[in-house]
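Hello,

Here is the structure I promised to pass on to you. Please open it next to this email and follow along as you read.

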Amino acid sequence: MEQRHFAVLVVGAGASGLGAAIRLGQAGVDDLAVLEKAGALGGTWRDNTYPGCACDVPSALYSYSFAPNPGWTRAFAGQAEIRSYLRDTAARYGITPKIRYGVEVTRAQWNGSLWELETTRGPYTARILVAGTGPWHEPLVPDLPGLGAFPGEVFHSARWNHGYDLAGKRVAVIGTGASAVQFVPRIVPEVGRLHLFQRTAQWVLPKPDHPVPGVERFLLRRFPALQRALRGAEYGAMETLGFGFRHPWLLRQVQKIGLAHLRLAVRDPALRRMLTPDYTLGCKRLLMSNTYYPALTQSHVDVHPTAVRAVDGRRVLGADGSSAEVDAVIFGTGFHILDMPVSSRVFDGDGRSLDDHWKGSPQAYAGTTVAGFPNLYLLLGPSLGTGHSSAFMILEAQLRHTVEAVTRTLRSGWTSVSVRPEVQAAFNAEVQAALPGTVYQSGGCASYYTDVNGRNSFSWPFSTARLRSRVGTFDEADYEIGRAHAVR
């Protein structure tokens, strides 16, 4: 009979969930399964297959510290290579057999001693639940009037329709975030005409990407210390940039690079004005590309510096009165970052969801545990986002916290571990008090860092060194511990 009860259930087989399963396995937790709703692992790197999809963090830094990859073929790895890395790492650490595919969690509720899960493949129970669903998962598509009646093709960059031939088509791209900056240059040579609807101009810096020579890959494989040194150098460079995020006047110096990059690529003064941001670099997600600006200078590309207000038949209507008749609409509008679907599916012992607790403003202790939700660990949770470093840095700090809590729970026979409400409140008050001095708050822009209540529930306002220390430490005194032995 298929096993339905586990000591630990991990939800999601992306980078977060796989990392949790690996680290827990290394700590001796064998009674574990990973529930994955799709038919393959990889998370966001499985879902996002749009042309040009690649990482905007250096490859050596965008990987698990315990599983370095000396074989990256580019300084900034592409989607297929990152997904292969995750697949190979899962196999190498024996996690692949623990993944149960096609199992979507529709509801998880704490019953006082266990987590009870309802899934598309029947019920599961677990003493401990680790949510590795991440914030870059569910595409955000604006609710535009008339979109449902559009007679052409419509898709989001995270659900790219590779079966649709863009050759010669009139295409509207809505959104100019990280995905659009990558796929627009790739599709410009194919389409008949491209209309880019840009609500906000983005800061786009040159991308120091290049192929990694074979001899370099050989040396990194032969001498692991070289790879550790490369990772350390990349971390230092990103942290230097991160210092500016906490001292925005320094970023205004970095803006000069962005302005020079724009000036060199775009000669037309009118177009250049459209593409010049009016806020401090770093207030929104930092973007890098060597091909985005040149693509927008092509004669068959029109930039509309406006939001889209509606769709009327085949016409996309801009808020400024402009319009474009098109055959296809592609959304590059990002994800449900702060309103991720998992928060409506996880319930406390009283039947109240995370959404009910948060009321639009996600809060957790160290971005990892939530008061009122015992034995639950969120990965890449609220108030941990940085504008400059690798998500793996955040994740591994959380994994140290989570693995220590989980192993002590199982070893000591604790029934529950629940963060004290006053500890969670103090942590969030500290974060919120520090945010106004950062570029996230003082940069003069509106970004996905801000939730529906106007609160920045995404960003970490301190250094990643402080994050690694603070988030990576599990202190029993911060938690209410149920000490009776659990019944299995």
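**Strand S5 and its partners**

Strand S5 (residues 115-119) has two faces: Trp 115, Leu 117 and Thr 119 make up the covered one, while Glu 116 and Glu 118 make up the uncovered one. In a regular strand, side chains alternate between the two faces of the sheet. Strands here are DSSP runs of E with at least two residues, helices are runs of H or I with at least four, and both are numbered from the N terminus.

Before we go on, a word on the source: this is a predicted model, where local features need pLDDT of at least 70, side-chain atom pairs count only at pLDDT 80 or more, and totals for chains, interfaces and linings use all residues. Residues are numbered from 1 along each chain as its sequence is written, and side-chain values use heavy atoms, with hydrogens and water left out.

Which strands does S5 join? Strand S4 (residues 105-110) runs antiparallel to S5, with five bridges between them, and Val 105 stands opposite Thr 119. (Two strands pair if DSSP finds at least two bridges between them.) S4 and S5 form a hairpin with four residues in between, and Gly 112 in that turn has a positive phi of about 105°. On to strand S6 (residues 122-131): five bridges join S6 to S5, again antiparallel. Thr 119 stands opposite Gly 122 in S6, and the hairpin of S5 and S6 has two residues between the strands.

**An open sheet**

Now look at S13, S14 and S15, three strands that form an open sheet in that order with antiparallel pairing. Strand S13 (308-312) and strand S15 (323-325) are at the edges with a single partner strand each, so one side of each has no neighbour in the sheet. Strand S14 (residues 315-318) pairs with S15 over three bridges, and Leu 317 has Ser 323 as its bridge partner there.

Asp 312 and Arg 315 meet through their side chains in a salt bridge (3.3 Å, N to O); the term stands for a side-chain nitrogen of Lys or Arg within 4 Å of a carboxyl oxygen of Asp or Glu. Asp 312 counts as partly exposed because its relative accessibility is 43%. The cut-offs are under 20% relative accessible area for buried, over 50% for exposed, and partly exposed in between (1.4 Å probe, protein chains only).

**More salt bridges**

How many salt bridges are there by this rule? The count comes to 17. One of them links the side chains of Glu 430 and Arg 466 (2.6 Å, N to O). Glu 430 lies in helix H12 (residues 421-434) and Arg 466 in helix H14 (residues 464-471), so the pair ties together parts that are 36 residues apart in sequence. Glu 36, Arg 46, Asp 47 and Arg 159 are joined into one network by salt bridges that share partners.

**A buried alanine**

Is Ala 397 buried or exposed? Ala 397 counts as buried because its relative accessibility is 0%. This residue has its place in helix H11 (residues 391-412). Ala 397 and Arg 468 are 71 residues apart in sequence but 5.0 Å apart in space, C-alpha to C-alpha. Apart from neighbours within four places in sequence, Ala 397 is in contact (heavy atoms within 4.5 Å) with Leu 467, Arg 468, Val 471 and Gly 472.

Enjoy exploring!
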